[in-house]
Amino acid sequence: MHLVPAERADHRTIDGHRVCEAIAAIGDTARVRAWAERFSLLADPGRLALLVALHRAGPLAVSDLAVATGMRDPAVSQALRLLRTAGVVAGERDGRVVRYRVVDQELGALLAPCAAAEPVGPEPAVS
C-alpha cells in the first residue's frame, strides 16, 4: 500500500491494492476541488439549461437565451456573469449585441448527453 498517506497508514483495509488504485484515480485534491466547482455550476437547472442551449445551438444573445430557457433577461445575465467568471462561457460583441458560447471544452463534452435527443418543436397539425 505504497500510495496510502502516512496519516492513514494505520487504518485497516480490505483490498489494499484497490485502495491504492482509488488514491491514484483521485490524484491531486486541487483537481478534484476544481471539478467539484465545475459540477456545482451544472447543479442549477437554469445554468444547466443555458449551457445546454449554448452547447447545442451555438452563440446566442441574452434575450434569445431568455426566450429559449423561459428565464427572465436579468436572471440569464446573472447566470452568464457567473459562468463567464468561472471561464465556462465567453461573450463576443457584435455591435450592441453580445453573443455567448461555451468555451470550456471538457465541460462541453459533459453537456452532450444532457441535450434532448430530438429537437422539441410545435406539434404537427392534424388534418
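Here are four short exercises on the structure above, each with a worked solution.

The model is predicted, so local features need pLDDT of at least 70 and side-chain atom pairs count only at pLDDT 80 or more, while totals for chains, interfaces and linings use all residues. Residues are numbered from 1 along each chain as its sequence is written, and side-chain values use heavy atoms, with hydrogens and water left out.

**Exercise 1. Work out the overall fold pattern and how spread out the protein is.**

Step 1: Start with the elements. There are 6 helices and 3 strands, taken as DSSP runs (H or I, at least four residues, for helices; E, at least two, for strands) and numbered from the N terminus. Along the sequence they read α-α-α-β-α-α-β-β-α.

Step 2: Check the spread. The radius of gyration is 21 Å, well over the 14 Å that the globule rule gives for 127 residues, so the protein is more spread out than a compact globule. Both numbers have a recipe: the radius is taken over C-alpha atoms, and the rule is 2.2 Å times the number of residues to the power 0.38.

Step 3: Add the box. Along the principal axes, the C-alpha atoms fill roughly 70 × 45 × 20 Å.

Step 4: Look at burial. Buried residues make up 26% of the 127, where buried means under 20% relative accessible area, exposed over 50%, and partly exposed in between (1.4 Å probe, protein chains only).

**Exercise 2. Take the sheet apart, strand by strand.**

Step 1: Get the order. The 3 strands form an open antiparallel sheet, β1-β3-β2; two strands pair if DSSP finds at least two bridges between them.

Step 2: Find the edges. β1 (60-61) and β2 (89-94) each have a single partner strand, so one side of each is left without a neighbour in the sheet.

Step 3: Zoom in on β2 and β3. They are joined by 6 bridges. Gly-91 sits opposite Tyr-100 in β3, and Asp-94 sits opposite Val-97 in β3.

Step 4: Close the hairpin. There are 2 residues between β2 and β3, and Gly-95 in the turn has a positive phi of about 70 degrees.

**Exercise 3. Find the largest nonpolar core and see what feeds it.**

Step 1: Set the rule. A nonpolar core is a set of buried Ala, Val, Leu, Ile, Met, Phe, Trp, Tyr and Cys residues joined through side-chain atoms within 4.5 Å.

Step 2: Apply it. The largest one has 22 residues, and those with the most contacts inside it are Leu-51, Leu-54, Leu-65, Leu-80 and Val-89.

Step 3: Trace the contributors. Elements giving two or more residues include α2 (29-42), α3 (45-57) and α5 (73-85). The top giver is α3, with 5 residues.

Step 4: Pick Leu-54. Skipping neighbours within four places in sequence, Leu-54 is in contact with Leu-60, Leu-65, Leu-80, Val-89, Tyr-100 and Val-102; contact means heavy atoms within 4.5 Å.

**Exercise 4. Decide for Arg-38 and Arg-81: buried or partly exposed?**

Step 1: Place them. Arg-38 is in helix α2, and Arg-81 is in helix α5.

Step 2: Use the cut-offs. Arg-38 has a relative accessible area of 18%, so it is buried. Arg-81 comes in at 45% and so counts as partly exposed.

Step 3: Check the surroundings. Beyond its neighbours within four places in sequence, Arg-38 is in contact with Asp-104, Glu-106 and Leu-107. Arg-81 and Gly-91 are 10 residues apart in sequence and 9.8 Å apart in space, C-alpha to C-alpha.
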